[in-house]
Amino acid sequence: MARLPGDPGVSRRIRYAIGLRLPEENRGWVGHDLTDVGWRGRIVTRHLGVMIPFCLLLALLPGQWWLRVSVCALALIASTFVVAVSAGDLRRSRLRQHGLPVPQEREPQG
C-alpha cells in the first residue's frame, strides 16, 4: 500500500494510538484515517495494539494460570466492546482534537 501524504512514522503512530495529538503536518493523514472507509476497524485495531501488550503484562501477575488468562480475557473483551460501541464518539473527539471538521451523522430512519 502506498504511503499517504503526511503519513506519520512509527513513533508518531504510537503517540496517536495512545491518544496524543499529532503535529499539523499529519492532519491530512488523520483526516483520512478517521473519515475514509474502514475507520471503525482502524479504531478497534489501534485499540488492540495498545491493549494486547497491557494484557501480556497482566498475565505476568502472580496467580493460577486460569485466573491470569481470565483477567486478560476480561480486560481485552470488555475494553474492545466499549471501544466498538463508542467508536463514533471517539472519532468525533479525535477529529476535534486535530482541528478537523466532524462529518454529519445520518438520522436514523424510522
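The side chains of Asp33 and Arg42 come together in a salt bridge, with 3.0 Å from N to O. This pairing is a friendly place to start a walk through the structure, which is a predicted model. Side chains of opposite charge can pair when their charged atoms come close. The two partners differ in how far they are covered: Asp33 counts as buried because its relative accessibility is 4%, under the 20% cut-off, whereas Arg42 is partly exposed, with a relative accessible area of 26%.

Asp33 has a further partner, since its side chain also meets that of Arg46 in a salt bridge of 3.1 Å, N to O. This second pair links distant parts of the chain, with Asp33 in helix 2 and Arg46 in helix 3, 13 residues apart. Both Asp33 and Arg46 are buried. Through shared partners, the salt bridges join Asp33, Arg42 and Arg46 into one network.

In total, the count comes to six salt bridges. Another of them is formed by the side chains of Arg12 and Glu25, at 2.5 Å from N to O. Here, too, distant parts of the chain are linked: Arg12 belongs to helix 1, while Glu25 sits in the loop between helix 1 and helix 2, 13 residues apart. Glu25 is exposed because its relative accessible area of 53% is over the 50% cut-off. Arg12, in contrast, is partly exposed, at 24% relative accessible area.

Helix 3, the home of Arg46, deserves a look of its own. This helix covers residues 39-59, which makes 21 residues, and its first and last C-alpha atoms are 30 Å apart, close to the 30 Å expected at 1.5 Å a residue. Along the way there is a kink of about 25° at Met51, shortly before the proline Pro53. Several residues of helix 3 are buried, namely Trp39, Ile43, Arg46, His47, Met51, Cys55 and Leu58. Met51 is thus both the place of the kink and one of the buried residues. The cover over the buried residues of helix 3 includes helix 1 (10-17), helix 2 (27-35), helix 4 and helix 5 (87-97).

Val50 is also in helix 3. With a relative accessible area of 33%, Val50 falls between the cut-offs of 20% and 50% and is therefore partly exposed. Apart from residues up to four places away in sequence, Val50 touches Ala17 and Ile18. A further comparison can be made with Ile14: Val50 and Ile14 are 36 residues apart in sequence, yet their C-alpha atoms are 8.6 Å apart in space.

Helix 4 is among the elements that cover the buried residues of helix 3, and Thr80 lies in this helix. Thr80 counts as buried because its relative accessibility of 19% is under the 20% cut-off. When neighbours within four places in sequence are left aside, Thr80 is in contact with Val44, His47 and Leu48. One of these partners, His47, is itself a buried residue of helix 3.

Helix 4 spans residues 65-85 and also holds Val69. Together with Trp65, Trp66, Leu67 and Val71, Val69 makes a nonpolar surface patch of about 520 Å². Helix 4 thus offers both a buried residue, Thr80, and a residue of the surface patch, Val69.

Note on methods
Residues numbered from 1 in each chain as written. Predicted model: local features only at pLDDT ≥ 70, side-chain atom pairs only at ≥ 80, totals over all residues. Heavy atoms only, no water. Patch = residues over 30% accessible without salt bridge, like charges linked within 9 Å, V, L, I, M, F, W, Y side chains within 5 Å. Areas by Shrake-Rupley, 256 points an atom, 1.4 Å probe, with all protein chains shown as cover. Salt bridge = Lys/Arg side-chain N within 4 Å of Asp/Glu carboxyl O. Helix = DSSP H or I, 4+ residues; strand = E, 2+ residues; numbered from the N terminus. Expected span 1.5 Å × (residues − 1). Bend = angle between axes of the 7 residues up to and from the residue. Buried < 20%, exposed > 50% of the residue type's maximum accessible area, 1.4 Å probe, protein only. Contact = heavy atoms within 4.5 Å.
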